[in-house]
Amino acid sequence: MNVESITGDKSKPTEPTTVKLPKGKDCIAAEGAPGFTISDTRVITDRKSGKEVSKTTRTVKYDPIPIVKCE
């Protein structure tokens, strides 16, 4: 069997929120990162015949990472 993975384009971007925390050793500032949705298609083919055995698409949503400001 041959396994091929096809990753789609990122879509549905979501902007991170900003969290303000008091300055101190417990506050670690972070730039954050946007969230997005992406799909991955896994195609399994028979090595000898080249015939497609299965094709499965999985879509995953990644939440944005918040921006942390120490104030």
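**Exercise 1. Place Arg47 in the chain and describe its surroundings.**

Step 1. Arg47 sits in the loop between β4 and β5 (52-62). Strands (E, at least two residues) and helices (H or I, at least four) are DSSP runs, numbered from the N terminus.

Step 2. The relative accessible area of Arg47 is 59%, so the residue is exposed. Buried means under 20% relative accessible area, exposed over 50%, and partly exposed in between (1.4 Å probe, protein chains only).

Step 3. Not counting residues up to four places away in sequence, Arg47 touches Met1 and Asn2. Contact here means heavy atoms within 4.5 Å.

Step 4. From C-alpha to C-alpha, Arg47 and Glu71 are 60 Å apart in space and 24 residues apart in sequence.

The basis of these values is as follows. The model is predicted, and local features need pLDDT of at least 70, side-chain atom pairs count only at pLDDT 80 or more, while totals for chains, interfaces and linings use all residues. Residues are numbered from 1 along each chain as its sequence is written, and side-chain values use heavy atoms, with hydrogens and water left out.

**Exercise 2. Describe the secondary structure and the overall form of the protein.**

Step 1. The protein has six strands and zero helices. Read from the N terminus, its elements run β-β-β-β-β-β.

Step 2. The radius of gyration is 20 Å, well over the 11 Å that the globule rule gives for 71 residues, so the protein is more spread out than a compact globule. This radius is taken over C-alpha atoms, and the rule is 2.2 Å times the number of residues to the power 0.38.

Step 3. Along the principal axes, the C-alpha atoms fill a box of roughly 65 × 25 × 10 Å.

Step 4. Of the 71 residues, 14% are buried. Among contacts with a separation of 6 or more, 69% are accounted for by residues 24 or more positions apart.

Step 5. The protein exposes about 5,900 Å², of which carbon and sulfur atoms supply 52%. Accessible areas come from the Shrake-Rupley method with a 1.4 Å probe; for residues, only the protein chains shown count as cover.

**Exercise 3. Which cysteines form a disulfide, and what is its handedness?**

Step 1. The criterion is a pair of cysteine sulfur atoms within 2.5 Å. By this rule the count comes to one disulfide.

Step 2. The pair is Cys27 and Cys70, with sulfur atoms 1.9 Å apart. Cys27 is in the loop between β3 (18-21) and β4 (35-45), Cys70 is in strand β6 (residues 67-70), and the pair links distant parts of the chain, 43 residues apart.

Step 3. The torsion about the S-S bond of Cys27 and Cys70 is about -95°, so the disulfide is left-handed.

Step 4. Cys27 counts as buried at 11% relative accessibility, whereas Cys70 is partly exposed at 22%.

Step 5. Leaving out residues up to four places away in sequence, Cys70 touches Leu21, Lys23, Cys27, Ile28 and Ala29. Cys70 and Pro13 are 57 residues apart in sequence and 26 Å apart in space, C-alpha to C-alpha.

**Exercise 4. Is Gly24 buried, partly exposed or exposed, and how far in space is Gly24 from Glu71?**

Step 1. Gly24 lies in the loop between β3 and β4.

Step 2. Its relative accessibility is 46%, so Gly24 counts as partly exposed.

Step 3. Gly24 and Glu71 are 8.8 Å apart in space, C-alpha to C-alpha, and 47 residues apart in sequence.

**Exercise 5. Examine Lys12, and then Thr37, which is in contact with Lys12.**

Step 1. Lys12 belongs to strand β2 (residues 11-14). At 63% relative accessibility, Lys12 counts as exposed.

Step 2. The phi of Lys12 is near 50°, a positive value in a residue other than glycine. Most residues other than glycine have a negative phi.

Step 3. Thr37 lies in strand β4 and is buried, with a relative accessible area of 12%.

Step 4. Leaving aside neighbours within four places in sequence, Thr37 is in contact with Asp9, Lys10, Ser11, Lys12, Thr59, Val60 and Lys61.

**Exercise 6. Describe the position and contacts of Thr7.**

Step 1. Thr7 is in strand β1 (residues 2-7), and it counts as exposed at 53% relative accessibility.

Step 2. Thr7 touches Ile38, Ser39 and Asp40, not counting residues up to four places away in sequence.

Step 3. Thr7 and Lys51 are 44 residues apart in sequence and 21 Å apart in space, C-alpha to C-alpha.
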